[in-house]
Amino acid sequence: MLSLCFLPARAAVPSARLVCVRAASGQPAAGRTDDPQFRPLDIGRRREVVQQARERRRATLPPPRHERQPVNQQWGDVWPAPRTFHPDAVPLPLRQGFVKRPNAQAPPGKHANAELMKIANFLHLTPPVIERQCRALAKFCTPWPEGLTDERLDELRPLEVITQDFLHASPTLRHPDARVVSLKVPLSCLDLTETDRDKLLRLVGDRHDPKTDVITLTADRCPLRRQNRDYALYLLTVLYFESCKREPWEAELRTVADAEKFVWAGSASEAAVAPLGAAADVVNSYGEAVTRLHNEGEDESTLAEYRKAVVALLGLPEHVGAN
Amino acid sequence: MLPRCRLTRLCWLGLRPMSAAAAPEPAPSVFRTSVSDPREHSRSDLGRLYTVDREDHRRLFQVTGLRKSLSAQARTFCELALMVRQPALNVLDSLRASDPSRPSLRFLLYGPYGGGKSTTVAHVLHWAAASGWLLVHFPEADRWGLRFREVTASASDPQAVDHPVDAALWLAHFRAQNAARLAELDLRTGETYTWSRREATEAGSPLTDLVELGVTRGKHASQCVLALLAELKAHASAGRCRLLMAVEKVNAFWCDSTARREDGSTVKFGDMTVIRAAEQLLRPDWSGGAVLTTIAPVRGGPEGSHLPRHQLGADGWRALEPFVPIRVDDMSRAETYTMIDYFLERRWLQAPAAATERGKQELFFRSGGNPGKLAEICSMY
């Protein structure tokens, strides 16, 4: 218009700019008049257009496999071997992943979930599959010997070697804790006298469990499991033979204070009570009370027993000891 | 020379005679028993308070011997009232039944702090004094090594340690408790004791001479105690007297003291002459008497359990066994109510709510029946 105003000499040519190129879609935009001469300019992909294209594409795809699987299918046939997690094949609504606000956000779903894909899954080892495999292996097995009960096994094979194997997703095949070997031995299976046993317990310390009478030796100082196992067995051998040895100074230097338990016979307590000249059974019950007090620890019950025994020993009125 | 003014002050710090108008007469009530002679105490007096006769109180506990709180209470109430409880009756029954020709009985009282162990000892001492026994009473054995006034190296044994002032004071306490009975018995020394070139106590002199010498000459006081207790032991074994030794906090005997020798080495309680004197009577080689001990946690002693074996240690156990361990526990509800009634009667508990059932329940709950705690709480109301 402006050009027409200020350049009257030029011929009135319709401006080429106004002749625009219409967008690929032949549909006019909403609210625009469908004027064949003045087609509206459409720059960019409109949301509805894109969505419709996507839906059309999707409609041509079949539904995901987990929607088509029958409920009574054999899972072992669907997932026969170890495989990276595939969301469409697994009919479970799994969610895995970190969210910043767990109260407000749900963890990410299974589709395109790198976390689920990274970790090892055991979908190929469901219980029915394991049962099937065991049944297949059974024909190569012989029956368990009848007389071989757990107790008999404890007698025949008292030594227990404990190792751990690790499944992990890592650049290396080796796990550092897989080299650790533990050895559990019940002391009853070792041929030990009282003094041998005492010596062994002093050497072993905390590794002995007084309730089960089992010593546990753990070896982790070598890089390989086999080396650690050999070391643990060597340690057990050395412990046993050292506890059977006797040093010349042991007999000379051992005092009452070194004894781990109170022994009534020959003790200072027995000597203190002898001059009283009480009856043998009274003295014996006193001895038992003193032994219990020293060996089981001092508390009101052992003290009450001691009190009763002393009152009987000294010939005092019974109600004094009944307190 | 003992500071006489100090002794006088201690004497007069005890019972001060008050006018009849100021001291309220105890009205006959359920919580008191009229039997004030401990020789006649029996099961029917259990849980009730008896009043110690003024003369006996002055004689037995004039110099020292009661816990500070009990002593202050006796001064405030113008009377010493002790509760007759089962542990004391057990000890008394045993002592009454004991045979003087047999080795001496040993008792050990243990229990929670403030539970009444010292009060039980006081009751038994009263009984023994009334029964004509001689008393050897060490009120706080741990003081000899922890809060002593002065220690000096002993003349006879350089490793041993004497207490010039404390031993003299203790002999004054012994004299107050036993003067009358000693005079009656007229016991004599069995051997000669030479104190210095000029001083000696000949064999056959009365034991009171030993006591007087120790009270006046602090330098020889500890040795006097040693000699005195040895003599008493011999007399008791010979049947000439009955002897009760009461040692409180006896577990201190096997601990380290805070005293140091000149070379810096620690003095054990066992190195002290007076403690060695007491240990003579802890041995089972004498008859005609009994030993009553208590244990309590002391500084420098083993931490942890308050029970006898742990507190005595191996050495203490070996020294004392066989002994009768008697537990002195907190008071029952009935006994606590008795104490509260007593405090009310003495106008010690002023709050009117304390006389109600609800108030007594609250006091029992707050104190847990512990006598020491109860006295502490009641002093606030």
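1. Cys189(A) is partly exposed, at a relative accessible area of 39%. This is a predicted model, and in it Cys189(A) takes part in no disulfide. The nearest cysteine sulfur belongs to Cys244(A) and is 13 Å away. A disulfide needs two cysteine sulfur atoms within 2.5 Å, so a separation of 13 Å leaves Cys189(A) unpaired.

2. Cys244(A) is also without a disulfide, and the nearest cysteine sulfur to it is that of Cys189(A), 13 Å away. Its relative accessibility of 31% puts Cys244(A) in the partly exposed class. Over all chains the disulfide count is zero. A disulfide is a covalent bond between the sulfur atoms of two cysteines. No bond of that kind is found in any of the chains here.

3. On chain A as a whole: the secondary structure comes to 14 helices and four strands. The chain has 323 residues, of which 23% are buried. Taking contacts in chain A between residues at least 6 apart in sequence, 47% join residues at least 24 apart.

4. Ala274(A) sits in the loop between α11 and α12 of chain A. With 54% relative accessibility, Ala274(A) is classed as exposed. From Ala274(A) to Ala53(A) the C-alpha to C-alpha distance is 109 Å, with their positions 221 residues apart in sequence.

5. The contact between the two chains involves 23 residues of chain A and 25 residues of chain B. About 2100 Å² is buried between chain A and chain B, and carbon and sulfur atoms account for 61% of that area. Eleven residue pairs are in polar contact across this interface, with both residues at pLDDT 80 or more. On the chain A side, α11 (268-273), α12 (280-296), α13 (300-314) and α14 (318-321) each contribute at least two of the residues that touch chain B. The largest share, eight residues, is supplied by α13(A). By type, the chain A residues touching chain B are 15 nonpolar, four polar and four charged.

6. How many salt bridges are there between chain A and chain B? The count is one. The side chains of Glu300(A) and Arg327(B) form it, at 2.8 Å from N to O. The pair is also listed as a polar contact of 2.8 Å between the side chains.

7. Arg327(B) belongs to strand β13 (residues 324-327) of chain B. Is Arg327(B) buried or partly exposed? It is partly exposed, because its relative accessible area of 25% is not under the 20% cut-off for a buried residue. Besides Glu300(A), the side chain of Arg327(B) makes a polar contact of 3.3 Å with the side chain of Asp329(B). Arg327(B) and Ala168(B) are 159 residues apart in sequence, and their C-alpha atoms are 33 Å apart.

8. In chain B, Glu321(B) and Pro322(B) are joined by a cis peptide bond, with omega about -5°. Pro322(B) is placed in the loop between α11 (308-320) and β13 of chain B. Strand β13 of chain B is also where Arg327(B) is found.

9. Two residues of chain B deserve a look for their backbone angles. Most residues other than glycine have a negative phi, and most peptide bonds are trans. Cys78(B) has a positive phi, near 65°. Cys78(B) lies in the loop between α3 (68-77) and β2 (80-83) of chain B and is buried, with a relative accessible area of 14%. Arg347(B) has a positive phi as well, near 60°. The loop that holds Arg347(B) runs between α12 (333-345) and α13 (357-367) of chain B. At 57% relative accessibility Arg347(B) is exposed, whereas Cys78(B) is buried.

10. Helix α8 (residues 207-216) of chain B has these buried residues: Leu207(B), Leu210(B), Val211(B), Leu213(B), Gly214(B) and Val215(B). What do the buried residues of α8(B) pack against? Their partners are two helices, α7 (164-185) and α9 (218-237), and two strands, β7 (193-194) and β8 (200-201), of chain B.

How values were computed:
Residues numbered from 1 in each chain as written. Chains lettered and ligands numbered in written order. Predicted model: local features only at pLDDT ≥ 70, side-chain atom pairs only at ≥ 80, totals over all residues. Heavy atoms only, no water. Contact = heavy atoms within 4.5 Å. Buried area = accessible area lost by both parts, 1.4 Å probe. Salt bridge = Lys/Arg side-chain N within 4 Å of Asp/Glu carboxyl O. Polar contact = N/O pair within 3.5 Å; in protein donor to acceptor, adjacent residues only side chain to side chain. Nonpolar A, V, L, I, M, F, W, Y, C, P; charged D, E, K, R; others polar. Buried < 20%, exposed > 50% of the residue type's maximum accessible area, 1.4 Å probe, protein only.
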